[in-house]
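Open the model in your viewer and keep the sequence panel beside it. This tour tells you what to select at each stop and what you will find there.

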Amino acid sequence: MSRSHAGKLNRQQLVARYLTGNPFLTDEDLAAILGVSVQTIRLDRNELHIPEKRERLEQVARGVYGRLRALSETDLVGELVELNIGKSGVSILTITDEMTLKRTRVARGHYLFAQANSLAVALCDAEVALTGTTKVSFRRPVFCGEKVIARAFVRRKKGNKYMVRVTSRVNNEVVLEGKFLIFAIAEEVWRQ
């Protein structure tokens, strides 16, 4: 086996490993990490039968949305890409022009809050879950075109109460941190 062939196999193993660990990585991200061209990454992905980012995320989302209990798919703000009911979840929200203040093109805070809140509610193992209290800090403005990745973790569950921590980031920079107290409501209570 030639030295260049061994290098290619090693690089392809790294591509597969990186994408298994983080399906959000773009070809550009991988090219920068591995120090090769974007075209080389595309060829590697093709040989490994790994779809492009958009298709990878769609595959992940199809499996995730089927596990939702407390919300319907249309109630979520952002695209749900990971969900472990009662434990953790991840969603992505791309800020569009309609979500921003017209003069500054800064995202309106209620979109960032809604993404974090709906993700926190989605973690609850109940047919109905409602937000009781929140404490949210906005760390920096988010601008049109930026992708906000929200990660939520259930910190504590006691009875019908879930304490959920959400951290939203843009390019690994924290833009929102929040604590959400979510109440799981018994079905017979909300049907009355």
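Colour the chain by secondary structure: this predicted model has 6 helices and 6 strands. Follow the chain along its sequence, and the elements come in the order α-α-α-α-β-β-α-β-β-β-β-α. Now show the surface. Of the 192 residues, 38% count as buried. Contacts also reach across the sequence: among those with a separation of 6 or more, 57% join residues 24 or more positions apart.

**Stop one: two helices that cross**

Select residues 27–34, helix α2, and residues 38–47, helix α3. Their axes lie 8 Å apart, and the helices pack at an angle of about 110 degrees. Angles of 65 to 115 degrees count as roughly perpendicular, so that is the label for α2 and α3. Next, show side chains at the contact. From α2, pick Asp27, Glu28, Leu30, Ala31 and Leu34. From α3, pick Val38, Ile41, Arg42 and Arg45. What kinds of residue make up the contact of α2 with α3? There are 5 nonpolar and 4 charged residues, and no polar ones.

**Stop two: helix α5**

Move to residues 109–122, helix α5. Check its length with the distance tool. For its 14 residues, 1.5 Å a residue predicts a span of 20 Å, and the end C-alpha atoms are indeed 20 Å apart.

Now highlight the buried residues of α5: Leu112, Gln115, Ala116, Asn117, Ser118, Leu119, Ala120, Val121 and Ala122. What covers them? Switch on the strands, since the cover includes β1 (79–84), β2 (88–94), β3 (128–138), β4 (147–158), β5 (161–170) and β6.

**Stop three: Asn117**

Stay in helix α5 and centre on Asn117. Is Asn117 buried or exposed? Its relative accessible area is 16%, below the 20% cut-off, so Asn117 is buried. Set aside neighbours within four places in sequence, and Asn117 touches Thr131 and Phe180.

**Stop four: an aromatic pair**

Keep Phe180 selected and add Phe113. The model has 1 aromatic pair, and Phe113 and Phe180 form it. The ring centres are 5.8 Å apart, the planes meet at 40 degrees, and the pair is tilted. Which parts of the chain does the pair link? Phe113 sits in helix α5, Phe180 in strand β6 (residues 173–185), and 67 residues separate the two.

Finish by comparing how the two rings' residues are covered. Phe113 is partly exposed, at 29% relative accessible area. Phe180 is buried, at 0%.

Terms used
Residues numbered from 1 in each chain as written. Predicted model: local features only at pLDDT ≥ 70, side-chain atom pairs only at ≥ 80, totals over all residues. Heavy atoms only, no water. Phe/Tyr/Trp six-rings, centres within 6.5 Å; stacked < 30°, edge-to-face > 60°. Helix = DSSP H or I, 4+ residues; strand = E, 2+ residues; numbered from the N terminus. Buried < 20%, exposed > 50% of the residue type's maximum accessible area, 1.4 Å probe, protein only. Axes fitted to C-alpha atoms, helices over the stretch in contact; angles between N-to-C directions. Parallel < 35°, antiparallel > 145°, perpendicular 65-115°, else oblique. Contact = heavy atoms within 4.5 Å. Nonpolar A, V, L, I, M, F, W, Y, C, P; charged D, E, K, R; others polar. Expected span 1.5 Å × (residues − 1).
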